[in-house]
Amino acid sequence: MPETVMPSLQATLFSGYIGEGPRTAQFERELGEWLGVPSVVAVNSGTAALHLALHLAGVGPGDEVISTPQTCVATHSPILSLGARVVWADIDPWTGNISVEDVAKKCTASTKAIMAVHWGGLPCDLTELKQVARQWNIPLIEDAAHALGSDYQGRRIGCHADFVCFSFQAIKMLTTGDGGALVCLAPEDDRRARRLRWFGLERNPVGHDECRWEQAIHEHGYKFHMNDIAATIGCEQLRYLDANVARHQAHAAIYDDVLRGFRRLRPLRQSSDRRSAHWLYTIRATERAAFIAHMHAAGIETSRVHVRNDRYPIFAASACDGLAGVETFDAEQVSIPCGWWLSDTDVNTIVAALRQFEEAAA
Ligand SMILES: Cc1ncc(COP(=O)(O)O)c(C=O)c1O
């Protein structure tokens with residue numbers, strides 16, 4: 001958290017107004033400019049953004065949503081909350097991202113949406129996924145919780161699909177403590193999302209200055225709006241975002257160079273038409289437990305970050321075979337520290353530990 005947040009945070013805290021108000025509107029405007037999109041709906045978590053996107057996609061009881069097991073359970077909780085079922089698609093074990101081929105095989109008349117998660121920030125094959133979605137006349141939802149600052153075919157993640165969901169949870173590239181944002185391609189979805197995030201009510205209804213509760217509610221909504229405390233933090237964090245993303249990417253480039261030719265530790269693969277913001281730097285370690293222990297002994301923490309979701313008992317109704325890519329990735333994937341907070345000395349220490357592990361096998 002930048003210390004420079006304090007003056008603006010203090011001003012908001014003692015302004016007499018800390019709910020969703022002017023700072024939230026400012027955050028939405030500034031984030032929209034940064035992403036290159038006309039409108040952003042700020043909410044109180046990435047999960048809330050996903051829930052709204054699924055609701056707007058029309059997902060309800062009995063419907064199916066195709067998704068990847070390799071993500072946070074937050075990607076799928078809203079699907080269950082809406083009474084729908086997850087259908088698992090396999091992933092590419094060299095990216096951690098959903099396989100377009102398998103998505104295309106699994107679409108049926110019951111499919112209501114396709115969910116794409118950009119693992120660690122690495123963009124999925126969005127052009128191909130959009131083609132499949134168009135064929136079936138269903139929306140593509142991006143869970144971009146890891147992908148703030150990533151780009152795909154020359155444009156930032158945020159402007160490619162029907163719905164794009166961001167998270168500003170405690171450890172994300174930009175944090176508001178907790179928070180999230182939804183970007184809708186269709187202006188009507190954007191308008192509806194603004195009502196749904198606050199019980200189905202207009203926040204600033206024309207002609208209802210005295211009592212904004214006195215409006216007709218045509219569709220019941222949620223309490224998903226962002227508050228001005230979180231938004232104030234978000235505005236300040238935005239000032240550091242370019243520099244932070246650049247540092248993540250610079251660290252990743254160093255690791256890419258170091259790992260070239262390694263056999264025990266292998267980096268993921270990135271096509272030239274996209275660039276990960278590298279919220280994570282994930283590698284595949286054939287002897288993962290030994291690698292984690294080696295790094296730990298060197299004072300370096302590593303993490304699997306998320307585990308395959310299809311093994312959670314809540315998804316028993318979705319059980320399926322044929323997830324070979326998930327098997328491989330889940331068995332080997334682990335992320336090493338990559339964040340903007342690492343000093344050059346930290347990075348050198350990590351590089352030395354990677355080399356030691358590789359060389360120990362020789
Ligand atoms: C891939 C992914 N999707 C969704 C979420 C949920 O975001 P939030 O914690 O802001 O609800 C997270 C993590 O927090 C995540 O990693």
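**Entry 1: strands E12 and E13.** I began with strand E12 (residues 281-285) and found it joined to E13 by 4 bridges, the two running antiparallel. I noted that this is a predicted model. I then looked for the bridge partner of tyrosine 281 in E13, and it is isoleucine 336. Next I checked both faces of strand E13 (residues 333-336): Gln333 and Ser335 are buried on one side, Val334 and Ile336 on the other.

**Entry 2: strand E8.** I moved on to E8 (residues 163-167), where 5 of its 5 residues are buried. Phe163, Cys165 and Ser167 cover one side, with Val164 and Phe166 on the other. What are its neighbours? Strand E5 (residues 140-143) runs parallel to E8 with 3 bridges, while strand E9 (residues 180-184) runs antiparallel to E8 with 5 bridges. I picked out a pair from each: isoleucine 141 partners phenylalanine 163, and cysteine 165 stands opposite leucine 182.

**Entry 3: the core.** Two of these strand residues came up again when I looked at the largest nonpolar core, which has 83 residues: Phe166 and Leu182 are, with Phe27, those with the most contacts inside it. Helix H3 (residues 46-56) gives this core its largest share, 7 residues. I also saw that the core draws at least three residues from each of domain 1 (7-237) and domain 2 (241-360).

**Entry 4: a patch outside.** I turned to the surface and found Leu13, Phe14 and Ile18 making a nonpolar patch of about 320 Å². Isoleucine 18 sits in the loop between helix H1 (5-13) and helix H2 (22-35). Its relative accessible area is 42%, so I logged isoleucine 18 as partly exposed.

**Entry 5: salt bridges.** I got a count of 23 salt bridges and opened a few. Glutamate 188 and arginine 191 meet at 3.2 Å, N to O. They are about one helical turn apart because they sit 3 residues apart in helix H7 (residues 187-196).

Arginine 264 and glutamate 287 meet at 2.7 Å, N to O. This pair links distant parts of the chain, 23 residues apart. Buried or exposed, I wondered about arginine 264? Arginine 264 is buried at 12% relative accessible area, whereas glutamate 287 is partly exposed at 35%.

My last pair was glutamate 327 and arginine 311, at 3.5 Å, N to O. Glutamate 327 is in helix H10 (residues 324-332) and arginine 311 in the loop between H9 and H10, so the bridge ties together parts 16 residues apart in sequence. Arginine 311 is exposed, at 54%. I closed with one network of salt bridges that share partners, joining Glu20, Glu28, Asp190, Arg194, Arg197 and Arg203.

Technical notes:
Residues are numbered from 1 along each chain as its sequence is written. This is a predicted model: local features need pLDDT of at least 70, side-chain atom pairs count only at pLDDT 80 or more; totals for chains, interfaces and linings use all residues. Side-chain values use heavy atoms; hydrogens and water are left out. Patches are made of residues with over 30% relative accessible area and no salt bridge: like charges are joined within 9 Å, nonpolar side chains (Val, Leu, Ile, Met, Phe, Trp, Tyr) within 5 Å. Accessible areas come from the Shrake-Rupley method with a 1.4 Å probe; for residues, only the protein chains shown count as cover. A salt bridge is a side-chain nitrogen of Lys or Arg within 4 Å of a carboxyl oxygen of Asp or Glu. Buried means under 20% relative accessible area, exposed over 50%, partly exposed in between (1.4 Å probe, protein chains only). Two strands pair if DSSP finds at least two bridges between them. A nonpolar core is a set of buried Ala, Val, Leu, Ile, Met, Phe, Trp, Tyr and Cys residues joined through side-chain atoms within 4.5 Å. Domain bounds come from an automatic or database domain assignment.
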